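This report goes through one protein model for a reader who is new to structures. Please look at the sequence and the 3D view before reading on.

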Amino acid sequence: MIGMMGLCAALAVFVILSFKRCNLALSAIAAGLVLMISNGMDILSGLTDTFSSGFGSFASGWWLMFALGAVFGAVMKESGLSRDIAEILSAKLHGNAVFIILLISLIMSYGGIGTFIIAFTIYPIAVEMFRRERIRETLLPAVMLFCPTTLGMTMLPGTPSVQNMIPAKYLGTDIYAAPGLGIAASAITFALGSVYLANRVKKNKISGEAEDRSIRESQYTASRWLSILPCVILWAVTFVLIRAGLDSQIAVEISMCIAIVVCIIVGKRDYNVMDVVNQGFANGLETVAMTSCVMGFGALVKASPSFSNLADSIMGGAGNTIAADIIVINLIAAITGSSTSGLQLFFETFFERLSQTYLSNQQYHRIIAIASGGLDSMPYATGVVVANKLAKTDLKQTYVHIFITCAVIPLISLALILSGEYLLRIVMG
């Protein structure tokens, strides 16, 4: 009982300190200490072994990606390329910055590019578009995260995400499982998210007139169109390398290096390239360090006795139903701040007693994948941390939009498609 209370207290400490803008590393350690003391865990080994293992595992695998992504964003901004892209897209698509960003991020995520890379790539373009349309940047993290953490991560059939591959491994399905359910969930989620964000845009306009976007076709010189080249090269080279069999992360890192060089070549030269690259690299390493601390805390949570006891209690008491499975996977995802951890731990721990429902393996795959993308969007989740770090925004101002678009709306969509599937079965007899 004390251990369970300690787990809840640790999560509360982490959330409160995050909202108080406390350094994430300190927040993670403070929450970890509360968890270890209340669960009777050895503090020294917890910090030096468990926490450090979680920290090191993430940092060693992602430090280069974060550093290159930050450099790419910095060079795009300072070279003026992101501003040119924003002007072209705004003029060609008649403004509507939010829709444009959602569309680009959806295409990138469905193409196999991860949330972190999308955030780093889109940010310099998105911030320019927000500035041109005089939208407060408090909406920016939610807009950047919405499609990559919902439609492009768990819903669309065929999306090459880890969250779509884990169920396939255990259920004998493939990433195209239950296309009807996936497409229906995607349509509902995109519609609800777009309506919510459009409504928020109206209430988050900065007073004053938006910048003039009536740029004539003749103004799109060859050099201006070249501003799109680094992004096209990044996406195209990544696609080719992945299809050639190269690991997706390595493919993106190689593509990012090429894109950075292209940025420097085609962009304007009225800035010190070395200074910008150095600062971008430093910012990237700082971001990966903060994010790794969150993963360190997640490792402590997973190692605590109260965590396994909580999951066992819920699975034992909630019954052998799809609702129980959805509740458990969301609790695991919320506690760890990760949909990937939620899915992996769920299948590793409860695979032998998965619910026997009216759903086929194909349908179960899609439902469980979508469920994992619900309460994973906690204040300490890595995507939330990275998006706010990039946008230089205050979590207290941005989190309500992130939670509604990345957690509430997907769960509403899940409830609607489950209800629809159940009613359809009744009608069909």
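## A glycine in a loop

The model shown here is predicted. A first place to look is Gly80, which sits in the loop between α3 (43-78) and α4 (81-92). Gly80 counts as buried because its relative accessibility is 12%, and the cut-off for buried is under 20%.

Gly80 can also be paired with a residue from another part of the sequence. Gly80 and Val266 are 186 residues apart along the chain, and 10.0 Å separates their C-alpha atoms.

## The protein as a whole

The protein contains 20 helices and zero strands. Its length is 429 residues, and 54% of them are buried. The accessible surface of the protein is about 17900 Å². Carbon and sulfur atoms account for 65% of that surface.

Contacts can be sorted by how far apart the two residues are in sequence. Among the contacts in the protein with a separation of 6 or more, 80% join residues 24 or more positions apart.

## Helix α5

Helix α5 covers residues 97-110, which is 14 residues. From its first C-alpha to its last, α5 reaches 20 Å, close to the 20 Å expected at 1.5 Å a residue.

How many of the residues of α5 are buried? The count is 10 of the 14, so α5 is largely enclosed by the rest of the structure. The buried residues of α5 include Ala97, Val98, Ile100, Ile101 and Leu102. Ile104, Ser105, Leu106, Met108 and Ser109 are buried as well.

## Helix α6 and its kink

Helix α6 (residues 115-132) has 18 residues, which should span 26 Å at 1.5 Å a residue. The C-alpha atoms at its ends are 25 Å apart, which agrees with that expectation. Helix α6 also has a kink of about 45° at Tyr123, shortly before the proline Pro124. Most of α6 is covered, with 16 of its 18 residues buried.

Within α6, the side chains of Arg131 and Glu128 form a salt bridge, with 2.8 Å from N to O. These two residues are three apart in the helix, about one turn. Are they buried or exposed? Arg131 is partly exposed, because its relative accessible area is 33%. Glu128 counts as buried, because its relative accessibility is 12%.

## The other salt bridge

The structure holds two salt bridges. Besides the pair in α6, Lys389 forms a salt bridge with Glu286, and their closest N and O atoms are 2.8 Å apart. Lys389 belongs to helix α19 (residues 382-391) and Glu286 to helix α14 (residues 273-303), so this pair ties together parts that are 103 residues apart in sequence.

Lys389 has a relative accessible area of 34% and is therefore partly exposed. Glu286 is at 37% relative accessibility, so it counts as partly exposed. For both residues the reasoning rests on the cut-offs: buried is under 20%, exposed is over 50%, and partly exposed lies in between.

## Two residues with positive phi

Arg134 follows α6 and lies in the loop between α6 and α7 (140-146). Although Arg134 is not a glycine, its phi is positive, about 55°. Arg134 has a relative accessible area of 27%, so it is partly exposed.

Lys392 is another residue other than glycine with a positive phi, in this case near 55°. Lys392 is located in the loop between α19 and α20. With a relative accessible area of 69%, Lys392 is exposed, because exposed means over 50%.

## A nonpolar patch on the surface

Which residues make the nonpolar surface patch? They are Leu192, Val408, Ile412 and Leu416, and the patch has an area of about 290 Å². Helix α20 (residues 395-428) gives the most to this patch, with three residues.

Val408 is found in helix α20. Its relative accessibility is 31%, so Val408 counts as partly exposed. Patch residues need over 30% relative accessible area, and Val408, at 31%, is one of the residues of the patch.

Definitions and conventions
Residues numbered from 1 in each chain as written. Predicted model: local features only at pLDDT ≥ 70, side-chain atom pairs only at ≥ 80, totals over all residues. Heavy atoms only, no water. Patch = residues over 30% accessible without salt bridge, like charges linked within 9 Å, V, L, I, M, F, W, Y side chains within 5 Å. Areas by Shrake-Rupley, 256 points an atom, 1.4 Å probe, with all protein chains shown as cover. Salt bridge = Lys/Arg side-chain N within 4 Å of Asp/Glu carboxyl O. Helix = DSSP H or I, 4+ residues; strand = E, 2+ residues; numbered from the N terminus. Buried < 20%, exposed > 50% of the residue type's maximum accessible area, 1.4 Å probe, protein only. Expected span 1.5 Å × (residues − 1). Bend = angle between axes of the 7 residues up to and from the residue. Contact = heavy atoms within 4.5 Å.
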